[in-house]
Number of protein chains: 2
Amino acid sequence: MRFDVLTLFPEIFSSYLGQSLLAKAIEGNLVEVHPHDMRKWANDKHNRVDDRPFGGGAGMVIRAEPVVECVEAVQQEGNQPGRLIMLTPQGRRLDQRLVEELSQEKRLLLLCGRYEGFDQRVSDLLHPEEVSIGDYVLNGGEVAAMAIIDAVIRLIPGVLGDETSSVDDSFSSGNRLLEFPQYTRPRVYRGLAAPDVLLSGDHAQIAAWRKQQSIERTKRRRADLLDRQAETEDE
Amino acid sequence: MRFDVLTLFPEIFSSYLGQSLLAKAIEGNLVEVHPHDMRKWANDKHNRVDDRPFGGGAGMVIRAEPVVECVEAVQQEGNQPGRLIMLTPQGRRLDQRLVEELSQEKRLLLLCGRYEGFDQRVSDLLHPEEVSIGDYVLNGGEVAAMAIIDAVIRLIPGVLGDETSSVDDSFSSGNRLLEFPQYTRPRVYRGLAAPDVLLSGDHAQIAAWRKQQSIERTKRRRADLLDRQAETEDE
């Protein structure tokens, strides 16, 4: 799978791309990540990518021209233009279902804003899918792009050591609820013992305990997920 | 404000910390970010931070001991222990209100999981606030910690060039809705003109147009935010 990240700060990605799981996926040719500096497409006499907003107000707006031209050039680099995603707090909220959908693509272009965002005509001309990683405001789309890459690559076959280990994750296809509590050695740590059932060797009992813990935890913390699951099952 | 990031992959943060706005905030002594490698607290004979889950299942669980000891040691480094946040998909979902609350703190400790997460006794012993950046699963808490740092620092006075520019952001204190569309030069780009009202110089009309656009966009894309705002106004 190929990711192209269009940004004003490509250097932010360098140590992220060198990290364990992603570095291994890149090394194993399962994933490619190409950061592109949109500043290279700023062709006005001052090489400016941003300018003051029409109508006034604080901050700067990213000009349409360098962004539109950068996207068009990058789309032509591969065999296919890819699915264009703009990271913006105004977009559709990312969830695990969208992550699963994105992991089926061959190529994603991730368009990262900064400052007061893009000139509206970027969206009007390119019709990107606008995606938000949550209801908060970041300094730019770069960390949001990392979140998408992080979430998507773990669903690409071969990237995780053990392919079953993403199925039981919170919100995931094998389990739309929160994950159950996990324990490992030692059995007792600072007076707290791991639950006996996990050491019983009785797989049916362990599975039942985990399912019950998962439901209880979800009920306590995120009852909205149970409602949503009930709706899906009704369909 | 001081951030301590407790992670198994401290090197992921290096180029993120060198980026424009954050680098300037660090340089200006407005923000400190200290990554800590939890592996240094793995004192068993094999220096292992993870082990297989009790009860079986895919993946590895992070052992309680190195995490608890790392947190305790890092808490003692500063003048105050700080507010301890564990990044986990099972946590309270981050939103701009929580970001605003966190920006009032003097110190945040961000605890980043990996693999199948932490041994449950980390939470039982340390009682961290569990926070999730969204309903999807990342490879670890590192990108989530960056999202928190990114969102929080822009609310620290002096970090943004113009302090008013965070108030009108989507979800923010001056505007709990989605932000209005922005335009900048040129007035016409590829046949698309910026709205005349923005060039009118009539500030009252511009403000009214922006408010209306903000409401319409929110209604179209995120009607749930309007419901929530109505509830808040009723209180």
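Here are some numbered notes on this predicted model, for a colleague meeting the structure for the first time.

1. **Chain A as a whole.** A good place to start is the overall build of chain A, which has eight helices and nine strands. Its C-alpha atoms fill a box of roughly 75 × 40 × 40 Å along the principal axes. Of the 235 residues in chain A, 56% are buried. The chain exposes about 10100 Å², and 47% of that area comes from carbon and sulfur atoms.

2. **How chain A folds back on itself.** If you take the contacts in chain A between residues at least 6 apart in sequence, 72% of them join residues at least 24 apart.

3. **Where the two chains meet.** Next, turn to the contact between the chains. Chain A brings 89 residues to this contact, and chain B brings 89 residues. Together the two chains bury about 7900 Å², with 51% of it on carbon and sulfur atoms. Three residues are worth finding on the chain A side: F54(A), Q90(A) and R121(A) supply 11% of the area that chain A buries against chain B, more than any other three residues.

4. **Polar links across the contact.** Between chain A and chain B there are 52 residue pairs in polar contact, counting pairs with both residues at pLDDT 80 or more. Helix α6 of chain A, residues 142-153, gives the most to the side that touches chain B, with six residues. Sorted by class, that side of chain A has 40 nonpolar, 20 polar and 29 charged residues.

5. **Salt bridges between the chains.** Side chains of opposite charge can pair when their charged atoms come close. Eight salt bridges run between chain A and chain B. One of them pairs E130(B) with R221(A), at 2.8 Å from N to O. Another salt bridge joins the side chains of D51(B) and R185(A), again with an N to O distance of 2.8 Å. D51(B) sits in strand β3 (residues 50-51) of chain B while R185(A) sits in the loop between α6 and β8 of chain A, so this pair joins two chains. The partners can also be described by their cover: D51(B) is buried, at 7% relative accessibility, whereas R185(A) is partly exposed, at 45%.

6. **Salt bridges within a chain.** Over all chains the count comes to 34 salt bridges. In chain B, R83(B) and E101(B) form one, at 2.7 Å from N to O. R83(B) belongs to strand β5 (residues 83-93) and E101(B) to helix α4 (residues 96-102), so the pair ties together parts of chain B that are 18 residues apart in sequence. R83(B) is buried at 15% relative accessibility, and E101(B) is partly exposed at 35%.

7. **A pair and a network in chain A.** R222(A) forms a salt bridge with D224(A), and their closest N and O atoms are 2.9 Å apart. With a relative accessible area of 6%, R222(A) is buried; D224(A) is partly exposed, with 31%. Elsewhere, R2(A), D4(A), E77(A) and R107(A) are linked in a network of salt bridges.

8. **Backbone spots to check.** Most residues other than glycine have a negative phi, and most peptide bonds are trans. With that in mind, look at the peptide bond from R185(A) to P186(A), which is cis, with omega near 0 degrees. P186(A) is in the loop between α6 and β8 (188-189) of chain A. In chain B, the bond from R185(B) to P186(B) is also cis, with omega near 0 degrees, and P186(B) lies in the loop between α6 (142-153) and β8 (188-189).

9. **Positive phi values.** Y115(A) has a phi near 50 degrees, a positive value in a residue other than glycine. You will find Y115(A) in the loop between β6 (107-112) and α5 (120-126) of chain A, where it is partly exposed, at 35% relative accessible area. R190(A) has a positive phi too, near 45 degrees. R190(A) is in the loop between β8 and β9 (192-193) of chain A and counts as partly exposed, at 44% relative accessibility.

10. **One more residue in chain B.** Q212(B) is in helix α7 (residues 203-221) and is partly exposed, at 39% relative accessibility. The C-alpha atoms of Q212(B) and R97(B) are separated by 23 Å, with their positions 115 residues apart along the chain.

Conventions: Residues are numbered from 1 along each chain as its sequence is written. Chains are lettered from A and ligands numbered from 1 in the order in which they are written. This is a predicted model: local features need pLDDT of at least 70, side-chain atom pairs count only at pLDDT 80 or more; totals for chains, interfaces and linings use all residues. Side-chain values use heavy atoms; hydrogens and water are left out. Contact means heavy atoms within 4.5 Å. Buried area is the accessible area (1.4 Å probe) that two parts lose on being put together, summed over both. A salt bridge is a side-chain nitrogen of Lys or Arg within 4 Å of a carboxyl oxygen of Asp or Glu. A polar contact is a pair of N or O atoms within 3.5 Å; within protein, one must be able to donate a hydrogen and the other to accept it, and residues adjacent in sequence count only if both atoms are side-chain atoms. Helices (H or I, at least four residues) and strands (E, at least two) are DSSP runs, numbered from the N terminus. Ala, Val, Leu, Ile, Met, Phe, Trp, Tyr, Cys and Pro count as nonpolar, Asp, Glu, Lys and Arg as charged, and the others, Gly among them, as polar. Buried means under 20% relative accessible area, exposed over 50%, partly exposed in between (1.4 Å probe, protein chains only). Accessible areas come from the Shrake-Rupley method with a 1.4 Å probe; for residues, only the protein chains shown count as cover.
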